[in-house]
Amino acid sequence: MHIRTFQLSDLPALVDLTIEVFGPFYEQSFRTMVPPDVYEHQHGHWADDYRASVPKLHDPEQGKHVAVAVASDGQLSAFVGWHIDRKGRHGQIEPLAVRETHRRSGLGRALCEHAIRAMREQPLEVVSLGTGGDWFHAPARALYESMGFHPVPVVYYLRGL
């Protein structure tokens with residue numbers, strides 16, 4: 001596996017990977033957490049939302065960076081995004097996406113460490129990341145805690161009007 005900086009030619013594969021990785025969360029987890037009207041309002045068009053937001057993840061002029069992991073067959077297997085707030089001396093990892101066939105191989109950890117190394121080159125003091133509290137995100141929580149991140153419990157409520 002080779003980790004490198006995102007290139008514009010990666011964009012279609014990056015969008016497809018994001019939709020593939022996070023589809024089960026929206027369709028199998030989040031959909032069951034909320035009533036249909038709330039689901040539709042919040043994430044009824046989640047795939048289109050990713051098609052619009054993923055192209056904005058990498059913008060070094062704005063402190064936004066993406067690194068991708070490419071398998072020996074050339075397939076994009078995973079990626080990590082992070083952004084830097086120099087004024088607040090804070091970095092944030094978001095998102096991390098690993099194709100299901102490459103999970104539990106250390107790739108997510110390697111990508112997070114890649115982002116953290118890049119952030120250490122900046123005058124930052126803290127790095128954060130977030131994930132869900134549902135079953136889908138349990139492996140991510142385990143990874144982040146094993147890397148020394150400290151969970152801060154938050155409860156977010158939704159309801160229809």
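Ring pairs join Phe-22, Phe-25, Tyr-26, Phe-30, Tyr-39, Trp-46, Tyr-50, Trp-135 and Phe-136 into a cluster in this predicted model. Across the whole structure, a search returns eleven aromatic pairs. One of these pairs brings together Trp-46 and Tyr-50 in an edge-to-face arrangement, with 6.3 Å from centre to centre and 80° between the planes. Both residues belong to helix α3, where four residues, about one turn of the helix, separate them.

Helix α3 rewards a closer look. Its buried residues are Trp-46, Ala-47 and Tyr-50. Because they cover an arc of only 105° around the axis, they sit on the same side of α3. Among the elements that cover these buried residues are α1 and α2.

Tyr-26 offers a view of this region from another residue. Beyond its neighbours within four places in sequence, Tyr-26 is in contact with both members of the edge-to-face pair, Trp-46 and Tyr-50, and also with Arg-31, Tyr-39 and His-43.

These aromatic residues also feature in the nonpolar packing. The largest nonpolar core holds 25 residues, of which Leu-14, Phe-22, Tyr-26, Trp-46, Tyr-50, Val-68 and Phe-79 touch the most other members. Two or more residues of this core come from each of α1 (11-33), α2 (36-43), α3 (46-53), β2 (64-70) and β3 (76-85). Helix α1 supplies the largest share, with ten residues. A second core, separate from this one, comprises 21 residues, including Ala-78, Ile-84, Ile-93 and Tyr-144.

Key: Residues numbered from 1 in each chain as written. Predicted model: local features only at pLDDT ≥ 70, side-chain atom pairs only at ≥ 80, totals over all residues. Heavy atoms only, no water. Core = buried A, V, L, I, M, F, W, Y, C linked by side-chain atoms within 4.5 Å. Buried < 20%, exposed > 50% of the residue type's maximum accessible area, 1.4 Å probe, protein only. Contact = heavy atoms within 4.5 Å. Arc of directions from axis to C-beta. Phe/Tyr/Trp six-rings, centres within 6.5 Å; stacked < 30°, edge-to-face > 60°.
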